[in-house]
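The following exercises are to be worked with the sequence and the three-dimensional structure in view. Each task is followed by a solution in steps.

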Amino acid sequence: MINVAIVGYGNLGRGVEQALGLNPDMALVGVFTRRDPKTVTTAGAQAYHLDQLVEQKETIDVCILCGGSATDLPVQTPALTKDFNTVDSFDTHAKIPEHFAKVAQVAKENNTVAVISTGWDPGLFSLNRLYAQSILPTGATNTFWGKGVSQGHSDALRRINGVADATQYTIPNETVIQQLRAGKKPKLTTRDKHFRECFVVLEAGADEKKVRQTIVTMPDYFVDYDTEVHFISQEELNQNHKAMPHGGTVLHTGETSTGVQQVIEYNLHLDSNPEFTASVLVAYARACVRLAAEKQYGAYTVLDIAPKYLSPKSDEELRETLL
């Protein structure tokens, strides 16, 4: 039995609690939060304050970190990897190498395992980009996200001074997708591929113009995209923008000989982004514990981990049922 601690209990943390219930080889030790545990309503798990985490070190095999990428994970992942095996969903693509290097050093120094940037992108989409480019080295890969709610971008909006609540939608350019499927090779910028739409609730007295400018110029999140910002009431946000659908496409086109075109396409259509992301985290938590048992200490991404480590089935069962 793999004993898991959930660190942070927002949408992703709730998804992890649900996912653990579907994996009979995993048990939930508890939810660890910066809030007063008495104010946290779980689906049955015991809630503790984050300060109590180290007290239970001997009973925890892996911590699944469910904080945001903007400010939580850059601090929490290296800090907690000193004492625990960890899995996170750090998704600021441009900063992954920096995050990996910091966490890898801590993991190696403390004989722990950390799996970073786990989810569907970065994560499963990363794997599919690798497979496609390795199989069809002459070609081009394009990734499209949405239409759907980006948890990371929505979290980044909520961290802005003056923002009470917010939801961000990523919307792909369907015309461009159809061109690529048809074999056309347009030269695309980041701005050509996606549009970002933000629905924002302001705090009382906040400067609307200043908040809008902060959003559209935010590095790594919005500055490279056409971004539309709508200021709405909390009631409207709660009624129309609290569901969490998402999905996307990895599309690689290449040639195996002159004029012989091959297309590799991988799609996700998700009713709940956090629940699906949580399910990926749980599978990689299993891999994390197995690597630690083999004393393969250090930091990993999905690109480093053999698929069999994700499954509760034995090697023999996998060969018999999946090959």
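## Exercise 1: Two cis peptide bonds

Lys-147 is placed in the loop between strand S7 (139-145) and S8. The model examined here is a predicted one.

**Task.** Determine which residue is joined to Lys-147 by a cis peptide bond, and locate the proline that follows Asp-121 across a cis bond.

**Solution.**

Step 1. The residue joined to Lys-147 by a cis peptide bond is Gly-146, and omega is about 5°.

Step 2. The bond from Asp-121 to Pro-122 is also cis, with omega near 0°.

Step 3. Pro-122 is found in the loop between strand S6 (113-115) and helix H4 (124-135).

## Exercise 2: The surroundings of strand S9

**Task.** Establish how many residues of strand S9 are buried, and identify the strands with which S9 pairs.

**Solution.**

Step 1. Strand S9 covers residues 163-172, and 9 of its 10 residues are buried, so the strand is largely enclosed by the rest of the structure.

Step 2. Strand S8 (residues 148-149) pairs with S9 in the antiparallel sense over 2 bridges. In this pairing, Gly-148 has Thr-170 of S9 as its bridge partner.

Step 3. Strand S10 (residues 194-202) also pairs with S9 in the antiparallel sense, over 9 bridges. Here Thr-170 stands opposite Arg-196 of S10.

## Exercise 3: Tyr-169 and Ser-150

**Task.** Decide whether Tyr-169 is buried or exposed, and name the residue whose side chain makes a polar contact with the side chain of Tyr-169. Then describe the setting of Ser-150.

**Solution.**

Step 1. Tyr-169 belongs to strand S9. Its relative accessible area is 11%. The limit for a buried residue is under 20%, so Tyr-169 is buried.

Step 2. Leaving aside residues up to four places away in sequence, the contacts of Tyr-169 include Lys-147, Gly-148 and Val-149, as well as Phe-195, Arg-196 and Asn-240.

Step 3. The side chain of Tyr-169 makes a polar contact of 2.7 Å with the side chain of His-241.

Step 4. Ser-150 is found in the loop between S8 and helix H5 (151-158). With a relative accessible area of 9%, Ser-150 is buried.

Step 5. Beyond residues up to four places away in sequence, Ser-150 touches Gln-168, Thr-170, His-246 and Asn-273.

## Exercise 4: The parallel sheet

**Task.** State the order of the strands in the open sheet of 7 strands, and explain why one side of S3 and of S14 is left without a neighbour.

**Solution.**

Step 1. The strand order is S3-S2-S1-S4-S5-S6-S14, and the pairing is parallel.

Step 2. Strand S3 (47-49) and strand S14 (298-300) stand at the edges; each has a single partner strand, so one side of each lacks a neighbour in the sheet.

Step 3. Within the sheet, strand S1 (residues 2-7) and strand S2 (residues 26-33) are paired in the parallel sense over 6 bridges. Ile-6 stands opposite Val-31 in S2.

## Exercise 5: Helix H1

**Task.** Find how many residues of helix H1 are buried, and list the elements against which these buried residues pack.

**Solution.**

Step 1. Helix H1 (residues 11-20) is mostly covered, with 7 of its 10 residues buried.

Step 2. Among the buried residues are Leu-12, Val-16, Glu-17 and Leu-20.

Step 3. The buried residues of H1 pack against S1, S2, strand S4 (62-65), H5 and helix H10 (273-293).

## Exercise 6: Positive phi outside glycine

**Task.** For Asn-111 and Ser-117, give phi, and decide in each case whether the residue is buried or partly exposed.

**Solution.**

Step 1. Asn-111 is not a glycine, yet its phi is positive, at about 55°. This residue lies in the loop between H3 and S6. Its relative accessibility is 48%, and Asn-111 counts as partly exposed.

Step 2. Ser-117, likewise not a glycine, has a positive phi of about 55°. Ser-117 lies in the loop between S6 and H4, and at 4% relative accessibility it counts as buried.

## Exercise 7: The second largest pocket

**Task.** Describe the second largest pocket by its volume and its lining.

**Solution.**

Step 1. The second largest pocket holds about 300 Å³ of space. Its lining has 17 residues, and those closest to the centre are Ser-69, Ala-70, Pro-74, Thr-92 and Lys-95.

Step 2. Helix H3 (residues 96-110) supplies the largest share of the lining, 3 residues.

Step 3. By type, the lining consists of 8 nonpolar, 4 polar and 5 charged residues.

Technical notes:
Residues are numbered from 1 along each chain as its sequence is written. This is a predicted model: local features need pLDDT of at least 70, side-chain atom pairs count only at pLDDT 80 or more; totals for chains, interfaces and linings use all residues. Side-chain values use heavy atoms; hydrogens and water are left out. Buried means under 20% relative accessible area, exposed over 50%, partly exposed in between (1.4 Å probe, protein chains only). Helices (H or I, at least four residues) and strands (E, at least two) are DSSP runs, numbered from the N terminus. Two strands pair if DSSP finds at least two bridges between them. Contact means heavy atoms within 4.5 Å. A polar contact is a pair of N or O atoms within 3.5 Å; within protein, one must be able to donate a hydrogen and the other to accept it, and residues adjacent in sequence count only if both atoms are side-chain atoms. On a 1 Å grid over the protein atoms alone, a cavity is a set of points where a 1.4 Å probe fits but cannot get out, and a pocket is an open set with protein on both sides within 12 Å along at least five of seven lines; lining residues have an atom within 4 Å of a point. Grid points are joined across faces, edges and corners, and a volume is the space filled by probe spheres set on the points. Ala, Val, Leu, Ile, Met, Phe, Trp, Tyr, Cys and Pro count as nonpolar, Asp, Glu, Lys and Arg as charged, and the others, Gly among them, as polar.
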